[in-house]
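Work through the exercises below with the structure open beside you. Try each task before reading its solution.

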Amino acid sequence: MKETTSFGKERELTPEDLKRLLTRLAPDPEVAGGKYEELRRQLIKFFEWRGSFFPDELADETINRLAQKIKEDKEIKKGINALALGIARFVFLESLKRPDRRRVEMEVLTDVAAPPEQRDEDDDLWLACLKECLRSITDENREIILEYYQDERRAKIDDRRLLAAKLGISPNGLFSRARRIRDKLEQCVSRCVKRKSKGAA
Amino acid sequence: MEQTYSSEDLIKQYLFGELSAAEQIALEDEYFIDQAKYDQLRKVEEELLDRYARGSLSATDRERFERCYLANPARRRHLKFARALAQVIDEESATRAATWSEQIVGHRRELSWWSQFAGWPRGLRFALSLAAAIAVLVIGFGGAWLILETSRLRAQLAAAQLESARQQQRVEAQTQQIVVLEAQSRQLAEESERLKAQLQTMKETGSSSGSGSARAFLALSINEFRGSGDQEPRTLIIPRGAEEVRLRLDLPEHEFSTFQLQLLTADGREVYTRKDLRPQATRAVDYVIVDLPVYKIASGDNVIAVSGISATGEVEILGKVVIKVRRQ
């Protein structure tokens, strides 16, 4: 399946731009790195929820433009997140108007009413990659994922509260942590599936 | 009805693309600024994905989900991951359940010691049971004896401590009595000396009734002058025809070479004075003798004052004594 976009290499994020952006996010480099990842994730989700087929690319384009804005206008009154959202909306509207959008492969434009009830070969690959990626994370993180995302019929609210108490964090904190672990796990599995698919091909 | 942007239904509508443009923008403004709101959206989306993967979505939600998520490749990837995750978790849960069951069975086997014990020979079982019973009895009796013995010893200790306290009190009381008796003894000794001296004086000077040189006698101790003044006045009975009162003043301890004696009225007026009285030494006590003319002594209260005179001529008043005089 091929996906193309015209938001290619027009404006790449230079190291200086990235450093400037990170400094605006937080003075501490480590904290700034975390905030950058979170912002990028949030932008990807925004584009996904808006129905974009290329959320990652649009998110990167948004960040590029955000860094340029910071470079050009040092006196930014809005918060970084609010500014990023404004830029993201422009980027999304532009993506709807671009003729490149029509270059998406037909395979992507599946009939929305066709549920994938049957398992395909891909599912086994995803399962294998997930097991591989689960072995690469810490025992504690693995425990959190396996405990938190149990079948809802079994996992009651009390079980999650007990897990949060065991870890010494609040229930909301537990969800945030579980979500971050799940996102990283999903990225790991996506890369693994891509790698193995290319290898198989 | 006013919608609250944080409700689960509103979030579902957003995720399924069913909100108006204005509602969309409002919710995005909210979750881009508020991390908690963003977490809530992610939580709702995850639950939709996981429920769909397990086939537990309602019919309505399943239709909406399929319309939005399955048409988007990025969202389909999320579903594949959710499906794989559900399978791994179910496999893990099944493995854990099987492991717990095996452990429970193993523990039950280990815990069945009674059944193991029941398999031993009858004689051995009886001997062991008897030994255990005897051991329990010995321990029980031993424990009871220890408790009783400890209680008895504690009672003894308490009684001994009480007796010790009482004896201590007795010793203190006796010590006080000794002090009092010693003081009384000293007073009695002084009184005895004074009386002996008076008797001696009477013997030395002699006494005759009706003669022209009749005397009255009075013996005093310097200690009476140094008293607080609370003692009862001494009584002097002057017989008829007496012309003098011989006063003997005992000086058991003194630091003066000479003394002075004054006779005063009750209101302090000086009537008679004798100076340069030098003590006469005896084996028992030093003393001075003063002869007071009777006509100088009034009936009733009289005061005798004694003073010591130092080598430099300084006069120090040693004290006063009240004498009640009666004439026969």
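## Exercise 1: The sheet of chain B

Task: Find the residue in β5(B) that stands opposite B:Leu261, then work out how the two strands pair.

Solution. This is a predicted model.
- Step 1. Opposite B:Leu261, in β5(B), stands B:Arg274.
- Step 2. The strands concerned are β4 (residues 258-265) and β5, both of chain B, and five bridges link them.
- Step 3. Their pairing is antiparallel.

Strands of a sheet are held in pairs by backbone hydrogen bonds, in a parallel or an antiparallel sense.

Task: Place the strands of this open sheet in order, and name its edges.

Solution.
- Step 1. The sheet has five strands, in the order β2-β8-β7-β4-β5 of chain B.
- Step 2. The pairing is mixed.
- Step 3. β2 and β5 of chain B are the edge strands, as each pairs on one side only.
- Step 4. Ignoring direction, neighbouring strands are turned by 25 degrees against each other on average.

## Exercise 2: Two partners of one strand

Task: Compare how β2(B) and β7(B) each run against β8(B).

Solution.
- Step 1. Take β2 (residues 234-238) of chain B. Five bridges join this strand to β8 (residues 315-327) of chain B, and the two run parallel.
- Step 2. One bridge pair here is B:Arg234 with B:Ile323 of β8(B).
- Step 3. Take β7 (residues 300-309) of chain B. Here 10 bridges lead to β8(B), and the strands run antiparallel.
- Step 4. B:Ser307 faces B:Ile317 in β8(B) across this pairing.
- Step 5. β7(B) and β8(B) make a hairpin, with five residues between them. In the turn, B:Gly313 has a positive phi of about 90 degrees.

## Exercise 3: An unusual phi

Task: Locate B:Asp276 and decide whether this residue is buried or exposed.

Solution.
- Step 1. B:Asp276 lies in strand β5 (residues 270-277) of chain B.
- Step 2. Its phi is positive, about 55 degrees, although B:Asp276 is not a glycine.
- Step 3. Count the neighbours: 9 other C-beta atoms lie within 10 Å of B:Asp276.
- Step 4. A residue is exposed with 12 or fewer, so B:Asp276 is exposed.

## Exercise 4: Chain A and its contact with chain B

Task: Describe the make-up of chain A.

Solution.
- Step 1. Chain A has eight helices and zero strands.
- Step 2. Its elements therefore read α-α-α-α-α-α-α-α from the N terminus.
- Step 3. Of the 201 residues in chain A, 24% are buried.
- Step 4. Take the contacts in chain A with a separation of 6 or more. Residues 24 or more positions apart account for 64% of them.

Task: Which elements of chain A give two or more residues to the side that touches chain B?

Solution.
- Step 1. Start with the totals: 34 residues of chain A are in contact with 34 residues of chain B.
- Step 2. The elements are α2 (29-49), α4 (80-97), α5 (121-136) and α8 (171-200) of chain A.
- Step 3. α5(A) gives the largest share, seven residues.
- Step 4. By class, this side of chain A has 19 nonpolar, seven polar and eight charged residues.

## Exercise 5: Confidence

Task: Find where pLDDT stays under 50 in chain B.

Solution.
- Step 1. Chain B has a mean pLDDT of 84, and 88% of its residues reach 70 or more.
- Step 2. One stretch under 50 is residues 1-5 of chain B, with five contacts beyond four places in sequence.
- Step 3. Another is residues 208-212 of chain B, with three such contacts.
- Step 4. The model scores ipTM 0.82 and pTM 0.53.

Conventions: Residues are numbered from 1 along each chain as its sequence is written. Chains are lettered from A and ligands numbered from 1 in the order in which they are written. This is a predicted model: local features need pLDDT of at least 70, side-chain atom pairs count only at pLDDT 80 or more; totals for chains, interfaces and linings use all residues. Two residues are in contact if their C-beta atoms, placed from the backbone, lie within 7 Å. Helices (H or I, at least four residues) and strands (E, at least two) are DSSP runs, numbered from the N terminus. Ala, Val, Leu, Ile, Met, Phe, Trp, Tyr, Cys and Pro count as nonpolar, Asp, Glu, Lys and Arg as charged, and the others, Gly among them, as polar. A residue is buried if 20 or more other C-beta atoms lie within 10 Å of its own, exposed if 12 or fewer, and partly exposed in between; C-beta atoms are placed from the backbone. Two strands pair if DSSP finds at least two bridges between them. pLDDT is the predictor's confidence in each residue, from 0 to 100. Axes are lines fitted to C-alpha atoms, for helices over the stretch in contact, and angles run from 0 to 180 degrees between N-to-C directions.
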